[in-house]
Amino acid sequence: MKQTFNIPAGCTVGSIEQDGDKVIIEFKSEYTPKRGDVCVMTTDTGQDVIILVESVLCEKIRTFAHFWTRDNSLYIYGKIITFSTDTFRPATEEEKQLLFSKLKEKGKRFNPDKMCIEDDVWMPEYGEKYYFLSMYGAILNETNTLHSADKYSLSIGNCFKTKEAAEKVDMEAYKAHLKAFFDKYPKQ
């Protein structure tokens with residue numbers, strides 16, 4: 001009798017043993033994830049996890065973010081314990097985009113230059129119009145000329161692509177944000 005099966009993607013056969021009437025096949029991953037990689041781990045239950053790798057140490061992976069596809073669960077700055085049966089491969093472009101879109105839904109993005117997760121804040125280009133809240137709560141608009149007033153608005157996150165986006169700002173939260181900013185960086 002002949003039995004065939006597919007070798008998991010990204011793996012090679014490490015060893016084959018016979019234990020009584022059973023054949024034990026150990027698979028080895030051909031791919032080792034490293035810092036900044038987006039990879040996919042497939043667990044022994046067939047669950048795929050898209051991982052943005054922070055570090056790998058033995059059987060523990062620290063992640064900038066990871067997304068469990070079956071559960072539709074995103075975790076930011078977490079860790080995953082791996083097992084010898086888990087396999088790894090580089091993520092496809094579609095899988096990378098899925099992870100990045102899940103981060104964007106949470107208002108976050110990955111900065112590959114700084115190797116960190118940060119708030120996904122829209123910033124107007126030079127010459128582009130933006131909206132901002134005045135200190136009295138009025139919604140005003142300006143064109144970014146990199147004038148000191150523009151730089152100030154940009155530095156504290158007080159810039160919005162649309163008037164509607166600026167209208168969604170909770171004024172009490174905005175005032176608390178400004179107070180915290182000025183407490184941290186008092187005028188000198």
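These exercises, each with a worked solution, concern a predicted model.

**Exercise 1. The five-stranded sheet**

Find the order of the strands in the open sheet of five strands, and say which strands stand at the edges.

Solution.
- Step 1. Read across the open sheet: its order is S6-S5-S4-S3-S7. The pairing is antiparallel.
- Step 2. Go to the edges. Strand S6 (73-81) and strand S7 (87-90) stand there. Each has a single partner strand, so one side of each is left without a neighbour in the sheet.
- Step 3. Add the twist. Neighbouring strands of this sheet are turned by 35° against each other on average, direction ignored.

In general, strands of a sheet pair through backbone hydrogen bonds, either parallel or antiparallel.

**Exercise 2. From S4 to S5**

Describe how strand S4 pairs with strand S5, and find the residue with a positive phi in their hairpin.

Solution.
- Step 1. Locate the strands. S4 covers residues 48-57, and S5 covers residues 60-68.
- Step 2. Count the bridges. There are eight, in the antiparallel sense.
- Step 3. Pick out partners. Val49 has Trp68 of S5 as its bridge partner. Val53 stands opposite Thr63, also in S5.
- Step 4. Look at the turn. Two residues lie between the strands of this hairpin, and Cys58 takes a positive phi near 55°.

**Exercise 3. From S5 to S6**

Do the same for S5 and S6: how many bridges join them, and which residue of their hairpin takes a positive phi?

Solution.
- Step 1. Eight bridges join S5 to S6, and the two run antiparallel.
- Step 2. Phe67 has Leu74 of S6 as its bridge partner.
- Step 3. This hairpin has four residues between the strands. Asn72 takes the positive phi, near 55°.

**Exercise 4. Cysteines**

State how many disulfides are counted, and decide whether Cys39 and Cys159 are buried or exposed.

Solution.
- Step 1. Recall the bond. A disulfide is a covalent bond between the sulfur atoms of two cysteines.
- Step 2. Apply the cut-off: the sulfur atoms must lie within 2.5 Å. The count comes to zero disulfides.
- Step 3. Check the accessibility. Cys39 has a relative accessible area of 0%, so Cys39 is buried. Cys159 has 5%, so Cys159 is buried too.

**Exercise 5. A patch on the surface**

Name the residues of the nonpolar surface patch, then classify Val23 as buried or exposed.

Solution.
- Step 1. The patch is formed by Ile7, Val13, Ile16 and Val23. Together they have about 370 Å² of accessible area.
- Step 2. Place Val23: it lies in strand S2 (residues 22-29).
- Step 3. Classify Val23. Exposed means over 50% relative accessible area. Val23 has 57% relative accessibility, so Val23 counts as exposed.

Conventions: Residues are numbered from 1 along each chain as its sequence is written. This is a predicted model: local features need pLDDT of at least 70, side-chain atom pairs count only at pLDDT 80 or more; totals for chains, interfaces and linings use all residues. Side-chain values use heavy atoms; hydrogens and water are left out. Patches are made of residues with over 30% relative accessible area and no salt bridge: like charges are joined within 9 Å, nonpolar side chains (Val, Leu, Ile, Met, Phe, Trp, Tyr) within 5 Å. Accessible areas come from the Shrake-Rupley method with a 1.4 Å probe; for residues, only the protein chains shown count as cover. A salt bridge is a side-chain nitrogen of Lys or Arg within 4 Å of a carboxyl oxygen of Asp or Glu. Buried means under 20% relative accessible area, exposed over 50%, partly exposed in between (1.4 Å probe, protein chains only). Two strands pair if DSSP finds at least two bridges between them. Axes are lines fitted to C-alpha atoms, for helices over the stretch in contact, and angles run from 0 to 180 degrees between N-to-C directions.
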